[in-house]
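User: I would like to learn how to read a structure feature by feature. Could you take me through this one slowly?

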Amino acid sequence: MGKQTYYPGLDVLKLCMALLVAQRHIIQIFYEEGSPWRAVIGYWLSNLAVPVFFTIAGFFLFRQLDDRRPDSSVVYRYCFRILRLYVIWSLIYLPIDIYNWYHEENHSVVSGILTYLHHFAFDSTIPQLWYLPALAFACLVVGFVYVHGIGIAPLLTGGILLFATGTIGNNWYFNQRLPEAVQDVMHLYSRYFLTMRNGLFYGIFFVALGLALAKIRRRPPFWLSVSGAVASLVLTGWESMRCYETNFVFTTVFAAFFLFTTAEALRLPGGRVYPGIRKMSEWIYFAHFYFFHFLVWTRPLNPVPFTNRSITLMILIPVLIFAGLMTALSGTERGNFLKKLV
């Protein structure tokens, strides 16, 4: 029997996570500081998105590898495609970067270019795009190590140690308790590499988890996956609120696993719609930041009062419509080129 290639639950999970990312950024930019949604979405639920994305990406990538004759070119082609997406979307967002640079107090051309290249190499200039080079790097490392004979257990062990390092280093709640010499090293690291939210400290473990899920077919019973997902959601909420962390959360390790196994096991009606849902999630993730600027630029012409609810609706509804249109157009002969953007 061939491998299952169709997972509607994972497509729905990706859509939910993409919407959480968009809402996270809406809250960070537009909501007032004391809004409770900053805690619920910004600190808690949206922290689940990237671990889930890494895990799903690793799962689908490494399902393609035949363990009897592992072909590393499968991994290299995938990483090249992800990096190509990063370049394309960075170019799409270049007008926003130029606009932001122009409105800085000191918009020196040379310093602007150097700053852009620095962020392009080690982070990104648009909040959500950092995920693409991080994914490419993590897949390249995990794929290279796995193809050359290192087992899943050592990969997960090394990955969790890197993730723990990133979690401690990224979060003031933990890193302020470190020895001063260690903090000095971290400051030096941040000066050159900008962030630990990258493929090394963030991506490797979750991509390796996707590898493990692709190669080890045994799964917990559905009731246990659901129970684990609920329990891990509670734990991530507790940790996020206690540590005020908006990126790295230790307990997302459990949440990513149980959310994945729960979604993977779901059998949902309406089979033809789910590939479209998967594409919509990618359009939402990549394109939503443009809609923030459109809202701000058109505010003088907008008669709608700006409240948390109205801002959210005025961004998410157009984003959903746009994602649906792009997904539909990419299925036509004329719009076939749009498939290269997601």
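Analyst: What follows is a walk through the nonpolar core, the aromatic pairs, the cysteines and a few single residues of this predicted model.

User: Which residues touch the most other members of the largest nonpolar core?

Analyst: A core is read by asking which buried nonpolar side chains are joined to one another. Here the largest one has 97 residues, and those that touch the most other members are Phe-54, Phe-62, Trp-89, Tyr-131, Leu-135, Phe-206 and Ile-315. Helix α14 gives the most to this core, with 13 residues.

User: What is Phe-54 in contact with, once its neighbours within four places in sequence are left aside?

Analyst: Phe-54 is then in contact with Trp-130, Tyr-131, Ala-134, Leu-135, Tyr-202, Gly-203, Phe-206 and Val-207. Ala-57, which is found in helix α3 (residues 49–62), touches Tyr-78, Tyr-131 and Leu-135, not counting residues up to four places away in sequence. Ala-57 is buried, because its relative accessible area is 10%. Places in sequence and distance in space should be read separately: Ala-57 and Arg-38 are 19 residues apart in sequence, and their C-alpha atoms are 28 Å apart in space.

User: How many aromatic pairs are there, and how is the geometry of one pair read?

Analyst: The count comes to 37 aromatic pairs. Take Trp-89 and Trp-283, whose ring centres are 6.0 Å apart and whose planes stand at 75°, so the pair is edge-to-face. This pair links distant parts of the chain, since Trp-89 is in helix α4 (residues 72–92) and Trp-283 in helix α14 (residues 274–297), 194 residues apart. Both Trp-89 and Trp-283 are buried.

Phe-291 and Phe-322 form an edge-to-face pair as well, at 5.5 Å centre to centre and with 65° between the planes. Phe-291 lies in helix α14 and Phe-322 in helix α15 (residues 308–330), so the pair ties together parts that are 31 residues apart in sequence. Phe-291 is buried, with a relative accessible area of 14%, whereas Phe-322, at 26%, counts as partly exposed.

User: Where does Arg-299 lie with respect to Phe-306?

Analyst: For a charge and a ring, one reads both the distance and the position over the ring. Arg-299 lies over the face of Phe-306, at 4.0 Å from the ring centre.

User: How many disulfides does a search of the whole structure find?

Analyst: The search finds zero disulfides. To see why for one cysteine, compare the sulfur distance with the cut-off of 2.5 Å: the sulfur of Cys-79 is 5.2 Å from the closest cysteine sulfur, in Cys-139, and that is too far for a bond. Cys-79 is buried, with a relative accessible area of 5%, and Cys-243 is buried too, at 4%.

User: Is Thr-236 buried or exposed?

Analyst: Thr-236 counts as buried because its relative accessibility is 1%. Thr-236 lies in helix α12 (residues 222–243), and, leaving aside its neighbours within four places in sequence, Thr-236 is in contact with Trp-44, Leu-48, Val-249, Thr-251, Thr-252 and Ala-255.

User: What is the phi of Leu-194, and where is its place in the chain?

Analyst: A backbone angle is best read together with the residue type and its place. Leu-194 has a positive phi of about 70° although it is not a glycine, and Leu-194 is in the loop between α10 (180–193) and α11 (199–215). At 25% relative accessibility, Leu-194 counts as partly exposed.

Technical notes. Residues are numbered from 1 along each chain as its sequence is written. This is a predicted model: local features need pLDDT of at least 70, side-chain atom pairs count only at pLDDT 80 or more; totals for chains, interfaces and linings use all residues. Side-chain values use heavy atoms; hydrogens and water are left out. Helices (H or I, at least four residues) and strands (E, at least two) are DSSP runs, numbered from the N terminus. Buried means under 20% relative accessible area, exposed over 50%, partly exposed in between (1.4 Å probe, protein chains only). Contact means heavy atoms within 4.5 Å. Rings of Phe, Tyr and Trp (its six-membered ring) pair if their centres lie within 6.5 Å; planes under 30 degrees apart count as stacked, over 60 as edge-to-face and the rest as tilted. A charge sits over a ring if NZ of Lys or CZ of Arg is within 6 Å of the ring centre and within 35 degrees of the ring normal. A nonpolar core is a set of buried Ala, Val, Leu, Ile, Met, Phe, Trp, Tyr and Cys residues joined through side-chain atoms within 4.5 Å.
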